[in-house]
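Q: I would like to learn how to read the interior of a protein model. Could we go through its packing and its empty spaces in turn?
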Amino acid sequence: MNKSPITLLAVAVTLILASGCSKQPSADYPIQPVPFTSVKLTDNFWAPRIRKNATVTIPIAFSYCESSGRVKNFEIAAGLDTGKFQTLYPFDDSDVYKIIEGASYSLQTYPDPKLEAYLDTLIRKIGMAQEPDGYLYTNRTIAEKHGGKGLHEWASKDRWVLDTVLSHELYNIGHLYEAAVAHYQATGKRTLLNIALKSADLVCRDFGPDKLHIYPGHQVIEMGLVKLYRVTGDSKYLDMAKFFLDVRGPKGEQYNQANKKVVDQTEAVGHAVRATYMYSGMADIAAIKKNNAYLNAITRIWEDIVYDKIYVTGGIGATGGNEGFADPYVLPNASAYCETCASIGDIFFNHRLFLLHGDGKYIDILEKTLYNSMLSGVSLSADRFFYPNPLESRGQHARQAWFGCACCPSNVARFVPAIPGYIYAKTDKELYVNLYISNNARIELGKKAVKVSQKAGFPWDGKVEIAIDPESSVNFALKLRIPGWAHNEALPGELYKFNDSISEKYKISVNGESVNPEVFSGFAVIERKWKKGDKVSLDLPMPVRTVKADQRIKDDAGKIAVQRGPMIYCAEWPDNNSGNVLDLVVDKQSVFETAFDTSLLGGVQVIKTSGFQTKRTLSGKIESLQKEPVTLIPYAYWNNRGAGQMMVWMPTTPEAAKPLPAPTIADRSRVSASKITKDLPAVNDQEEPENSNDHSVSYYHWWPDKDQWEYIQYDFEKPEIISRSKVYWFDDGPDGGCRIPDEWGILCLTGNTWKPVNARSPYMVTKDAWNSIEFQPVRASAVKIKVKLNKDYSAGIYEWVVE
């Protein structure tokens, strides 16, 4: 029998791990994932994406790390080059580590000698940048070469001191540890692992109950230390992970989950990525140390997320000010943050909860996030990325090739090649099938090897064929996940529900004979003695379903979302109504038809229905226009044909729509400003907010500028006589960077001269209300609002009206 190089490498690494550990972990998750290295994808959905991640995403990510100066930071710190710190943030080291992690995963699927040689060179630079005692933080090392000059403002002159705030020293090396384990397991080389262990040994010397009591400002090192423990068997790394969790709170910031001791936390608060990384670390400790206090805390937190704070796409994090969670049911669509990294973090969290409990509801959340909010984060071309993933857009959103804060592209690079590892899980007597993706796998169940072949058309088709081929007959329980959406559950909990109930049930057969197995915790359990050639068929119905939200979610009132299988759909500009979709209304009783379109977006299941446009009149009424066809595409595919309007939640009444604007002076004007951004059309879209911090309504802002004059200008189609104006200010205090301005004024262009209007009363500056001014009538060809920003804050505008 011929073994592939990858198979031989996997065997070699297993032997290395076994011989190199002084102690082996004696406890872990009761259910173990089947590693992605044991699963070869053969489908037409994920396999091409993993291939593109290898051939496109990882190479361009390394390219940007080179061109942006991230790699040069290591070279300067190593003494291989000279100069100052090259990049914006002290956490930029972490992007290099994350891409190394992704590249290591990719090497196990797609061997690439050139990539492996590049990693060898890069790792040598990282090792040379490490200080003799193990400290690794290029910003400080470079600054010390210049007498302390250039040390980032987020870092203290002493190591570690400001990590609780923003220095990110522990965050960087947390990602280093994860990358080191991945690289070691992929190649068998200890080069990066030795760097990581040297760093971790320093951390264990510097921190502890009788040493530094500093918790990580951005969690991730907890998961990294657990991985080092699993590789080495040395419990000091596990103990340090727990120390970093136990030392948090109760007098810290809610932003980074340090407002309470971790075991006392019951709600998801603060920065969503920090939160999910912390919850994942807590799950690791709960599993290995059998810590019920941790388990109880993360269970309560999961319920808070799923029952109160998750989007129908699986995205989490409603607000941009804290890049994280808002209050329960505060889930605006247009300003939804739903950071790509947070979606990945929530997948980590839910997978760990599944491994603890074996309950399919956690995989339901994982699947919804995977196929929607996470997948939206990367383009079909695999070279452009979303940071936030909103559920509605006027066209101001577009994926970017890279970011100054590049956590999302590097996270995508490391997550995508690991997706096969989420398909299966096992105990000695159970095989869980969590996701339905065509693949060939070799799985060790107890002392028996079982080959499993799966053929599935997901996410477009619910028919699944599974072939079981054990090396010899063996008893075990095959556990097939029955997704919530296949039995009338949109998501666990009551936050979202289907509008209808379907009677069509899933069907299961074994070797052609229909069976009706018991379902426990979301899994249909088929327990029998399996032999070579056994075949299992599963048919999951995938009708088009409409979803309604809890009535407490204000932004979804009077609207429906459309779902088919695990995928949420949206209306996007190229397919509808000459580019306008936000004014559309779809009847609740509309008929939906679906078909696979091979010519669209590389092949996609499309849903068609009907609706009508709405338009606002000058009297303020909303009129309905003629009926027209409406086309929907999967949400994850939006913005692959350019920027434009998109919406997930579709109005079922004119009152819930965003009508085409009335032909007011502002609407007919050409809009310009001191700062041109894609948000500028918000100022005359005729949408009125409920208050100055209403994120369900579009707004324009000057952030991060402050302490200066700014303006917005309307150029009229023809000269107009105007006599009054009003403005509604955006103010996202206390968390955000915008406040109402210090002062404002109106100027008119008469002839070639800009002149202030002759106001009949003082200009008022108040939040949560219109700020109106009347002035002596003037005939003008343009009007300008001048705004003086506060010395400490920027400002923004929801709407500016001229009459």
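Q: Which residues does Tyr424 touch, not counting residues up to four places away in sequence?
A: Keep in mind that this is a predicted model. Tyr424 touches Pro33, Val34 and Val39. Further along the sequence, its contacts are Leu431, Tyr432, Val433, Asn434, Asn439, Ala441, Ile443, Val452 and Gln454.

Q: Which residues touch the most other members of the largest nonpolar core?
A: Tyr424 is one of them. The others are Tyr177, Tyr279, Tyr496 and Val648. The core has 224 residues. Helix H11, residues 272-289, gives the largest share of this core, with 12 residues.

Q: What does the second core include?
A: This core is separate and has 29 residues. Phe716, Trp729, Trp744 and Cys748 are among them.

Q: Where is Leu747 placed?
A: Leu747 lies in strand S28, which covers residues 743-750.

Q: Why does Leu747 count as buried?
A: The cut-off for buried is under 20% relative accessible area. Leu747 counts as buried because its relative accessibility is 15%.

Q: What does Leu747 touch, not counting residues up to four places away in sequence?
A: Its contacts are Trp754, Lys755, Pro756, Ala782, Val783, Lys784 and Lys786.

Q: How many residues apart in sequence are Leu747 and Arg670, and how many Å apart in space?
A: They are 77 residues apart in sequence. From C-alpha to C-alpha, the distance is 16 Å.

Q: Now for the empty space. What shows where it is left?
A: A probe the size of a water molecule is rolled over the atoms, and this shows where empty space is left.

Q: How many cavities of 30 Å³ or more does the structure hold?
A: There are three. The largest has a volume of about 70 Å³, and the second largest has about 40 Å³.

Q: Which residues line the largest cavity?
A: The lining consists of Asp364, Glu367, Lys368, Arg481, Pro483, Gly484, Trp485, Glu489, Ala490, Leu491, Pro492 and Pro566. Helix H14, residues 360-374, supplies the largest share, three residues. By class, six lining residues are nonpolar, one is polar and five are charged.

Q: What lines the second largest cavity?
A: Its lining is made of Trp485, Phe498, Ile502, Pro541, Met542, Pro543, Arg545, Gln563, Arg564 and Gly565. Here the classes are six nonpolar, two polar and two charged residues. Trp485 lines the largest cavity and also the second largest.

Notes. Residues are numbered from 1 along each chain as its sequence is written. This is a predicted model: local features need pLDDT of at least 70, side-chain atom pairs count only at pLDDT 80 or more; totals for chains, interfaces and linings use all residues. Side-chain values use heavy atoms; hydrogens and water are left out. A nonpolar core is a set of buried Ala, Val, Leu, Ile, Met, Phe, Trp, Tyr and Cys residues joined through side-chain atoms within 4.5 Å. Buried means under 20% relative accessible area, exposed over 50%, partly exposed in between (1.4 Å probe, protein chains only). Helices (H or I, at least four residues) and strands (E, at least two) are DSSP runs, numbered from the N terminus. Contact means heavy atoms within 4.5 Å. On a 1 Å grid over the protein atoms alone, a cavity is a set of points where a 1.4 Å probe fits but cannot get out, and a pocket is an open set with protein on both sides within 12 Å along at least five of seven lines; lining residues have an atom within 4 Å of a point. Grid points are joined across faces, edges and corners, and a volume is the space filled by probe spheres set on the points. Ala, Val, Leu, Ile, Met, Phe, Trp, Tyr, Cys and Pro count as nonpolar, Asp, Glu, Lys and Arg as charged, and the others, Gly among them, as polar.
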